[in-house]
Amino acid sequence: MKHTKNILGTMLLTAAAVAVTSCVDDSKLLFAFEKPASIAGMEYLNEYDALKTYVNSSANPNFKLGIALTADDYIAGGLVTRLANSNFQEMTAGNAMKYASCVADDGTMNFGTVEKFVAAAKAGGLTIYGHTLAWHAQQNNKYLNSLIKDKEIEIDPNQKLDVVDKIVDFSAMTKFPYYVMGYEPDIVNGILVSKNPGSWYQYFVADGVPTVSGKEYKVTAMIKSSKEGEFIVKMGDWDASTDKNIKVTTEWKEQTIDFGTLAAKSSFVIFQPGGFDGEIQIKWIKVSHPEAPSVSFYVNQLDNSEMKAGGTMKNFVVRENGKGDIPGPIFEGQGPDGINCTKITSIANPANEWDTQFFIYTPDKEWQGGQKYKISFWYKASAEADCSTQCHGVPGAYKHWAMLPQNPHFTTKWQHYEATGTIPSAGSGMKSIAFNLNVSKDAVTYYFANIVWESEEKGNTIPLTPAEKKDTLTWAMNNWINGMMKATGGYVTAWDVVNEPIAGGGDDGEGFYPLQSATNVSADDAKNNFYWQDYLGSEDYVRIAVAAARKYYAENGGTNPLRLFVNDYNLESDWDDNKKVKSLVHWIEKWEADGVTKIDGIGTQMHVSCHANAETQKSKEDHVVKMFEILAESGKLVKITELDMGYVDEEGNSVKTADMTQAQHKAMSEYYKFIVKKYFEIIPVAQQYGITQWCITDSPTGSGWRGGEPVGLWDANYNRKHTYAGFADGLAGK
């Protein structure tokens with residue numbers, strides 16, 4: 001029989017009401033009549049005590065039973081707060097202590113929610129597990145990328161500048177990315193290493209360099225070798241390449257080769273070590289050309305060719321006569337030089353002048369205050385008319401500011417409009433220009449053609465070197481961790497110091513997974529995340545974060561021992577025989593090899609599923625055991641940081657809460673008991689730090705996290721589920 005949550009929730013409403021005024025969730029069911037089997041089958045849950053009573057603190061002094069909550073829910077002091085206080089010893093904030101939640105676009109930090117969360121935890125008698133200090137996701141990419149953008153340099157009008165056409169930074173790579181003839185060099189710890197390949201071997205170090213015929217080019221490399229000497233470097237293409245010699249010494253040094261004027265329109269750079277019999281190491285290679293400093297406008301977002309081709313431009317939207325925003329618009333008629341134009345018709349006497357509007361969107365760019373712009377277009381109307389203009393965000397975020405120095409006056413003849421200016425500070429974040437076309441409230445047809453929106457780009461900038469980026473981001477990491485440690489004032493004594501560092505595929509050259517990187521993830525992940533490790537280095541990334549955590553914890557009131565964990569998911573993976581947890585242990589050994597860095601523990605997330613297929617479920621359980629065995633052997637503290645569970649049917653489909661049967665709920669309960677029991681059986685007492693349940697209740701249908709799945713120990717009405725019993729039995733060792 002299906003477990004019908006809505007009926008059950010109604011029948012247990014009395015119990016829930018009592019719980020609000022007493023200890024949450026431990027009240028008896030108050031029914032004296034014969035109950036349906038589904039209800040009677042749940043009554044045994046009321047015999048269970050609060051979860052934390054099943055923790056043997058004398059036998060497990062370090063162990064903390066935790067729950068993950070949104071900080072605001074706990075701070076509110078309601079039912080969720082009482083449920084957490086009565087059942088758990090520790091809690092984790094879902095998002096409030098992450099970088100993007102605290103750091104604004106300009107780098108200012110606001111820890112107001114964190115401070116309230118800490119105060120509430122103190123009052124409730126709960127400790128906090130900090131989540132998280134260093135991660136690639138949920139970062140303020142806009143701010144972090146602004147720190148490492150090209151730097152502006154002083155302009156000497158009599159001196160040409162080096163304009164970088166391409167930089168190959170091997171610290172961001174785990175394998176050689178270009179075509180190789182005869183020999184492929186290794187990349188070891190972010191350094192390209194070539195070991196005496198032989199006289200005819202050669203390999204690309206850069207390809208697709210956008211060279212311009214007639215310009216002069218040079219190649220610069222940060223390079224050293226096991227002996228002094230020189231070898232051939234080629235630049236150009238297969239039709240015309242130039243050979244030059246690069247000199248190397250036994251010290252790291254920037255070596256530059258001038259190739260002079262090139263004819264190629266797209267060039268490669270090839271290293272040909274030839275008979276050179278030394279080991280070559282290269283950190284980065286840069287291709288550049290000299291150019292006079294300049295400031296120029298460039299077309300941003302709107303492309304004239306789209307207008308000429310006709311059709312619908314996605315960057316335009318019309319609000320016509322109060323009908324709402326209409327994507328489009330339709331191109332109709334001919335503008336100057338045969339360019340297609342767009343036609344917008346208003347009606348007489350509209351209620352508002354903005355009842356007919358024409359928007360120009362720049363959806364992929366937020367305008368910045370202080371940025372210079374230029375806009376131009378052709379325009380006319382069926383009769384003389386005026387319009388007003390303003391700039392604002394997307395519809396619904398109408399923070400107006402006047403942009404054009406004067407509003408266009410329409411006549412029946414084509415006119416050209418061009419204006420330049422500087423975006424005011426009020427314009428930061430704006431994304432569109434709006435033309436209000438019904439100022440006169442007459443019936444008029446308006447035409448626009450050849451619209452170009454441009455912003456100014458300075459030509460006197462050069463990229464930061466890898467060393468400069470590392471130095472800048474090391475400061476940013478320290479600044480962030482210092483701010484968080486000030487906000488928590490020494491109360492938070494355990495942290496995910498680094499979250500989810502290990503990739504789920506690839507090879508680091510030693511048979512383990514490399515770290516996650518913009519070079520080994522999807523295009524969307526590379527765009528949306530900020531991979532600190534690509535700039536700080538695979539080893540220094542964690543070392544910098546650990547050092548900052550220990551330093552600023554001590555400087556901001558931390559007196560109790562500080563425990564730092566590296567946290568990751570899929571450590572219980574059966575598809576690769578637990579390779580990810582093996583890789584994490586391997587990397588921890590590398591990070592600690594400096595003799596200074598100390599990582600106290602490993603966090604395993606365990607976002608698992610119970611499988612109806614017996615063979616699959618057995619494999620999952622076997623690899624949970626293997627994971628615990630590997631973690632125990634590591635000697636580190638072990639914490640299950642984010643335990644939750646869904647259910648997968650025989651066909652491999654995730655089952656939603658509304659469709660779950662009693663038998664499926666009980667199977668999940670048994671799997672919870674299995675996981676918790678195995679944790680206590682396999683992990684030595686001295687290494688047991690805790691278990692945190694990630695979802696307090698089942699996930700709402702529209703949730704971004706396992707939406708609609710039965711992931712909680714309580715249902716949506718805060719009634720205990722069968723999984724509560726399994727979790728409690730596991731804690732009790734039954």
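User: What follows helix α10, and what is the sign of its phi?
Analyst: Helix α10 (helices being DSSP runs of H or I with at least four residues, numbered from the N terminus) is followed by Gly489, whose phi is positive, near 55°. This is a predicted model, in which local features need pLDDT of at least 70, side-chain atom pairs count only at pLDDT 80 or more, and totals for chains, interfaces and linings use all residues. Residues are numbered from 1 along each chain as its sequence is written, and side-chain values use heavy atoms, with hydrogens and water left out.

User: How do you know that the span of α10 agrees with its 23 residues?
Analyst: The expected span is 1.5 Å times one less than the number of residues, so residues 466-488 should span 33 Å, and the end C-alpha atoms of α10 are indeed 33 Å apart.

User: Why is α16 called roughly parallel to α17?
Analyst: The axes of α16 (residues 662-682) and α17 (residues 722-732), which are lines fitted to C-alpha atoms over the stretch in contact, with angles from 0 to 180 degrees between N-to-C directions, cross at roughly 20° and come within 7 Å. Because angles under 35 degrees count as roughly parallel, α16 is roughly parallel to α17.

User: What makes β6 and β12 edge strands?
Analyst: In the open sheet, with antiparallel pairing, the order is β6-β9-β14-β11-β12, where strands are DSSP runs of E with at least two residues and a pair needs at least two bridges. β6 (180-181) and β12 (241-248) each have a single partner strand, so one side of each is left without a neighbour in the sheet.

User: How do you know that β11 and β14 pair?
Analyst: Strands β11 and β14 are joined by 5 bridges and run antiparallel, and Met235 has Val269 in β14 as its bridge partner.

Definitions and conventions. Parallel < 35°, antiparallel > 145°, perpendicular 65-115°, else oblique.
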